[in-house]
Amino acid sequence: MTNAMELYQMLPKTNCKKCGKTSCMAFAVALMAHELTADDCPPLKEEPKYKENYGKISDLFKASEGATSTGLIVHEELCFGCGNCVVACPPNVANDPYGVGSGNAPRDAKKLILIIEDGVVKAQNVEECRRFGKNKILCNGCIVTCPVEAIEFV
Amino acid sequence: MEKNYNVCTGCGMLCDDIEVESEKNIVNKVYTACRVGVAHMKEGRESAVFRVDDKPVDEATAISEAVAILKNAKNPLIFGLGTSTNETQKLAIELARKTSATLDDTSSFCLGRVVEALLQNRFKACTLDDVRNKADVTIFWGADPSDSHPRHLSKYSYFPRGTEKQRGWEEDRTAIAIDVRKSHTAKICGNNFFQVPPGGDAEFIDALIAGLSGKLPKTSYNFPPKRILELANILKGAKFGVVFVGLGLVYSLENLEPLFRLMDALNEKANFHLIPMVGHYNMRGFNENLFEETGYVNSVKFEDGAVKHGPEYSIVEALKAKTVDAALIIGSDPLSSLPRSIAKNLLEIPVISMDPCETLTSRSSKVYINTAISGVESGGSATRMDGVKVEFKPVVETKRLSDEAVLKKIMEAL
């Protein structure tokens, strides 16, 4: 997963304000939040010397177009259903504190983002994920708790 | 809404919150269980197989052949029972008494010593529910629950919120792994992973005890003393600590003395409990049932109403010395799990194998009785790794006999 700093490094860094943002750094943050796209930076799009970087940034975001809106991917062949992510996921805990939040079976699986089905984790209700929407944060609760790197965000 | 939960008998954790969708006695979907549990639950089959000398026979022939073997034997070996219910284990103890048998289970080369010490109150014990509600420091020593008991960390020991640990793993708990390799559990423990060389556990324990009392910890393999002191500081601050003892630690120690020393030292400075990482779902049950009957946890020989105990009655030593002249193996596969030089002696005596699955042992035994999977196709009760009794009902029905029913038939015929 990329971050705003990496994106900034690929921008013109001229702070020309043509995109409407006050600085290239602000533009990079907006890119991360999916508020703007690479096409919104006129110099990046038009000037030949930035062509390579324009391609790179566009490709970065192209990869996540096909994934769920939060970019969550579960590698089912790696997952063995330990449920660490299910218990660690903050929205899961908030929605079901005495069920999955306490390590037990879900009391109401419909409200949860991650559940274990047939020994493999399944993602649902992605709009509840803290990585979703305008005010998203880069929560990584399900990634750092996975012993086998079966969950990934693109 | 009250949900209908099942108990999973896939490992020593006996998860009691599993939802199962089944149709016509076939398990279709399993919720909340890990991959081990799902595979275990979906293993059921409709009809049983009985074999004598590799030829399919009917139930009565197989049982009468088994009875004949036990009758003719002077010193039969009864082994296994780690995946049988408490009721079956009690019947097996009775059968061993009746046939003057040598009785042993996998704990004689597994965690038997630790369970014995626990039953003799040498360690402070607690339940897994206490761990979830109170534990702030958990040590996984020579154990890798992420692979052996996948839901251990998420259900009890690290991630969940408990009554006194509302903030769970993020702030309220510290997990520590001490192992010879960076296991999946060690990966979750991050910086709190301490890698010791194989066989270096006893020395590490002594260094840690030195560190706990403020001395400079020394090891022959030059483990950084600063790190041991860091670990000692974490442990000293524990309000409710738990040490999960795995096979790795038990195999590395010649006797349990270092572990006794460590637990005493820890309890001088803090509050520490011990839970063995039992693999088979009811190995602890066998240890407790036999302890209740005889005062020993494994490796016993019944003779004229008396009970003898000693390493010579463990499966390894009994097979090595060829003192047993027949074997009844219940739900275990010694031909695969024992060293070849010892296991090959099993081929020289008549073996009766009772198992839900085809194993190497079942394939080379004289009598094979295909039994129901206990916990999935037959019910009963079992003892969890922390000593809590768990009752369970069958998830699906089958025509296969439970090992309890088979043992009853054998006892009647005897």
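What follows is a chat between a biologist and a modeller about the two-chain model above.

Biologist: Before we dig in, what kind of model is this, and how are residues and chains labelled?

Modeller: This is a predicted model, where local features need pLDDT of at least 70, side-chain atom pairs count only at pLDDT 80 or more, and totals for chains, interfaces and linings use all residues. Residues are numbered from 1 along each chain as its sequence is written, while chains are lettered from A and ligands numbered from 1 in the order in which they are written.

Biologist: Okay, chain A. How many helices and strands does chain A have?

Modeller: Helices (H or I, at least four residues) and strands (E, at least two) are DSSP runs, numbered from the N terminus. Along the sequence of chain A they come as α-α-α-α-β-α-α-β-β-α-β. That gives 7 helices and 4 strands.

Biologist: How far apart are the centres of the domains in chain A?

Modeller: Domain bounds come from an automatic or database domain assignment. In chain A that gives domain 1 (4-63) and domain 2 (72-153). Taken over C-alpha atoms, their centres are separated by 32 Å.

Biologist: Which element do the buried residues of α2(A) pack against?

Modeller: A residue is buried if 20 or more other C-beta atoms lie within 10 Å of its own, exposed if 12 or fewer, and partly exposed in between, with C-beta atoms placed from the backbone. In α2 (residues 24-32) of chain A, the buried ones are Cys24(A), Phe27(A), Ala28(A), Leu31(A) and Met32(A). They line one face of the helix because, seen down its axis, they fall within an arc of 145 degrees (the arc of the directions from the helix axis to the C-beta atoms). What they pack against is α1 (4-10) of chain A.

Biologist: Now the meeting of the chains. Which element of chain B gives the largest share of the side that touches chain A?

Modeller: Two residues are in contact if their C-beta atoms, placed from the backbone, lie within 7 Å. Here, 28 residues of chain B are in contact with 22 residues of chain A. Elements giving two or more residues to chain B's side are β2 (26-31), α1 (35-41), α7 (152-157) and α9 (184-189) of chain B. The largest share, 4 residues, comes from α7(B).

Biologist: And which strands are at the edges of the open sheet in chain B?

Modeller: Two strands pair if DSSP finds at least two bridges between them. The open sheet has 9 strands in the order β4-β3-β16-β15-β14-β5-β6-β12-β13 (chain B), with mixed pairing. An edge strand pairs on one side only, and here those are β4 (55-56) and β13 (306-309) of chain B.

Biologist: Inside that sheet, which residue of β6(B) stands opposite Ile78(B)?

Modeller: β5 (residues 76-80) and β6 (residues 102-104) of chain B pair in the parallel sense over 3 bridges. Opposite Ile78(B) you'll find Leu103(B).

Biologist: Why do the buried residues of α4(B) line one face of the helix?

Modeller: Helix α4 (residues 112-119) of chain B has Gly112(B), Val114(B), Val115(B) and Leu118(B) buried. These pack against β10 (241-245), α12 (247-252), β11 (272-276) and α14 (283-294) of chain B. Seen down the axis of α4(B), the buried residues line one face because they fall within an arc of 165 degrees.

Biologist: Let's look at the hairpin. Which turn residue between β17(B) and β18(B) has a positive phi?

Modeller: Strand β17 (residues 380-383) of chain B pairs with β18(B) in the antiparallel sense over 4 bridges. The hairpin has 5 residues between the strands, and the positive phi, about 95 degrees, belongs to Gly387(B).

Biologist: Which residues of β18(B) are buried?

Modeller: In a regular strand the side chains alternate between the two faces of the sheet. Along β18 (residues 389-392) of chain B, Lys389(B) and Glu391(B) point to one face and are not buried. Pointing to the other face, and buried, are Val390(B) and Phe392(B).

Biologist: Last one: is Asn233(B) buried or exposed?

Modeller: Asn233(B) belongs to helix α11 (residues 225-236) of chain B. Its C-alpha atom is 7.3 Å from that of Leu212(B), 21 residues apart along the chain. Because Asn233(B) has 11 other C-beta atoms within 10 Å, Asn233(B) is exposed.
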